[in-house]
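Hi everyone, thanks for coming. I'll walk you through one model today, so have a look at it first.

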Number of protein chains: 2
Amino acid sequence: MSKTSPYLSLIQEELKKNNIPENPSNLYDPIRYFLDMEGKKIRPILTLLSAELFGGTMEQAKHAAVAIEIFHNFTLIHDDIMDAAPIRRGIPTVHNKWNNNIAILSGDVMFVKAYEQLSLCQPNILPELLKTFNKTAIEVCEGQQMDMDFENQDSISQEDYIEMIRLKTSVLLGCALEMGAIICGTSAENKKLIYDFGENIGIAFQIQDDILDLYGDTKKVGKQNGGDVLANKNTLLSILAEMNSNDEQRLELKRLKNEKDATAKIEGVKSIFDDLDIKSKCAEVMQSYYAGALKNFSEIKTKNKNNALLELSNALMNRDF
Amino acid sequence: MSKTSPYLSLIQEELKKNNIPENPSNLYDPIRYFLDMEGKKIRPILTLLSAELFGGTMEQAKHAAVAIEIFHNFTLIHDDIMDAAPIRRGIPTVHNKWNNNIAILSGDVMFVKAYEQLSLCQPNILPELLKTFNKTAIEVCEGQQMDMDFENQDSISQEDYIEMIRLKTSVLLGCALEMGAIICGTSAENKKLIYDFGENIGIAFQIQDDILDLYGDTKKVGKQNGGDVLANKNTLLSILAEMNSNDEQRLELKRLKNEKDATAKIEGVKSIFDDLDIKSKCAEVMQSYYAGALKNFSEIKTKNKNNALLELSNALMNRDF
């Protein structure tokens, strides 16, 4: 999506209309700081494209789109506290630049701001939009809790891991798309198909993230490979390796968790992953979700079906950054 | 309000219908723990009584009432983190029993649960309810931020202090009452009057809290007087003392902030307050807000006006605990 896209412009314009007050500055400065951050704004653009797919306009969908974007930003502020993340999109996180209390409270206000946007949608569809949005908001929290719980678990099943990424990141893509469909009053089947399309695409993206962290083109990423390995993070790669390794490999992977030399650690893990063909196995799982998404999309029945959503998804799936 | 009141029973019954899931248990156990706490449920009862005042029924107002109660509980969970409060209503706070991250996230889910309740209200009034609720939710956060900011300020004006307590606690009483009025479709004048009644009553209650902390009957409170003085907390008492004291008294009050002997500290402060007649001055401010509330109530025009709200307010104002 180019920076001059009319979709991106509309979202940025609408975000600016929020008129964040000056005072109390400790509450509102972080909100301005966060909303001014550059971002691809994928989620709200999905809502706009979905509305257009089902015969609506960007204008009709803009408030729901902005609600999704603000909600997403709220979750990032709170997640960054919980993950003790110092940096987001190259600049200090809110709790790092201010403090935890300010990050909790300004996050809470952003959450209300998301609902403010929703309440500007057409009253006749407001209950349905709220139902989808509330369900999704709770699922995103469940996903974050599962992710935190996983940090204290030795072994995680592929099923639980996929469920975690589904909740933590994919349901919001599904919700963003379904909101566009709700706004256009399309059929229940179409609503479900576009939601499932988003959920499947989201899971595929997240698995791709896992792969790129270790195997991505470092020149394009702008950072070294293997951050997840260094942090002993559970990813689909590590879970598939655990499932497929023999006793010797499993012991070696366990030993490498405490390896202090970063290069030795990454190379050691990568060498076992390569022996087990983990990258291909992971890509296979990713492709199955992507194929599921394409199938969902093909089954949508709508007049003058356009492929903008498919093109965006393809572009995102073909990134190697 | 007796424990067998039909209002309290309805709220407790509706709260139980939330069907909080089992898993992830780290997310949902704290929510169950908090919602099961005993409480007077003043705010949701105000919504029910307001609906009855304007010719509606408890049934019509129950979802809005429960939304207010859950929202209030959400703010307590997050405020307790920010205030590092170990105990609430005699038992450990969520962040103390679990941890800060769990308290942030389970609070967030409770916030969504409040909106879930709102979205069950009649669709035709949903936009108006959301508008009032969103505005209030943001104001409550502004009040909490002002309260935190005050901790780092040497001197606070009476005006700023009243504005802080208005935002932090009183607007929610106004909102609870206005929701009952919105549900019954009463006039704009009545909506404003019942909102203002709640706001004025709320400010009067809060000032009363300040007075009772130092001058309340210790037998009824079940704790010693002077907690606010010991914590060097800004209250209307301390602000009025600052305004009215001469240089000598002001210096002595400043010195007492660092006094280590608790009894000497409380007695020293109380002695200056007594010389300055601070208790009466504070009670006078409280009475002016209470009188404002009574005036608001008297101006409400509705058929078969009942006095249940006035009786509840009187009972609360006459507590000496």
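**A loop, a helix and a pair of chains**

Let's start with A84(B), which is exposed, as just 11 other C-beta atoms lie within 10 Å. The rule here is that a residue is buried with 20 or more other C-beta atoms within 10 Å of its own, exposed with 12 or fewer, and partly exposed in between, with C-beta atoms placed from the backbone. Before I go on: this is a predicted model, where local features need pLDDT of at least 70, side-chain atom pairs count only at pLDDT 80 or more, and totals for chains, interfaces and linings use all residues. Residues are numbered from 1 along each chain as its sequence is written, and chains are lettered from A and ligands numbered from 1 in the order in which they are written.

Back to A84(B). You'll find A84(B) in the loop between α4 (58–82) and β1 (87–88) of chain B. Those labels are DSSP runs, numbered from the N terminus: helices are H or I with at least four residues, strands are E with at least two. A84(B) isn't a glycine, yet its phi is positive, near 50°.

N304(A) also has a positive phi, about 45°, without being a glycine. It sits in the loop between α15 (278–299) and α16 (308–317) of chain A, and N304(A) is exposed, with 7 other C-beta atoms within 10 Å.

Now, is E116(B) buried or exposed? It's buried, because 20 other C-beta atoms lie within 10 Å. E116(B) belongs to helix α6 (residues 100–118) of chain B. Its C-alpha atom is 7.7 Å from that of A67(B), and those two residues are 49 apart along the chain.

On to the prolines. The peptide bond from N23(A) to P24(A) is cis, with omega near -5°, and the one from N23(B) to P24(B) is cis too, with omega near 0°.

Last, how do the chains meet? The contact takes 31 residues from chain A and 31 residues from chain B, where two residues are in contact if their C-beta atoms, placed from the backbone, lie within 7 Å. On the chain A side, α7(A) gives the most, with 14 residues. And 100% of the interface residues of chain A are also interface residues in chain B, so the copies meet through the same surface.
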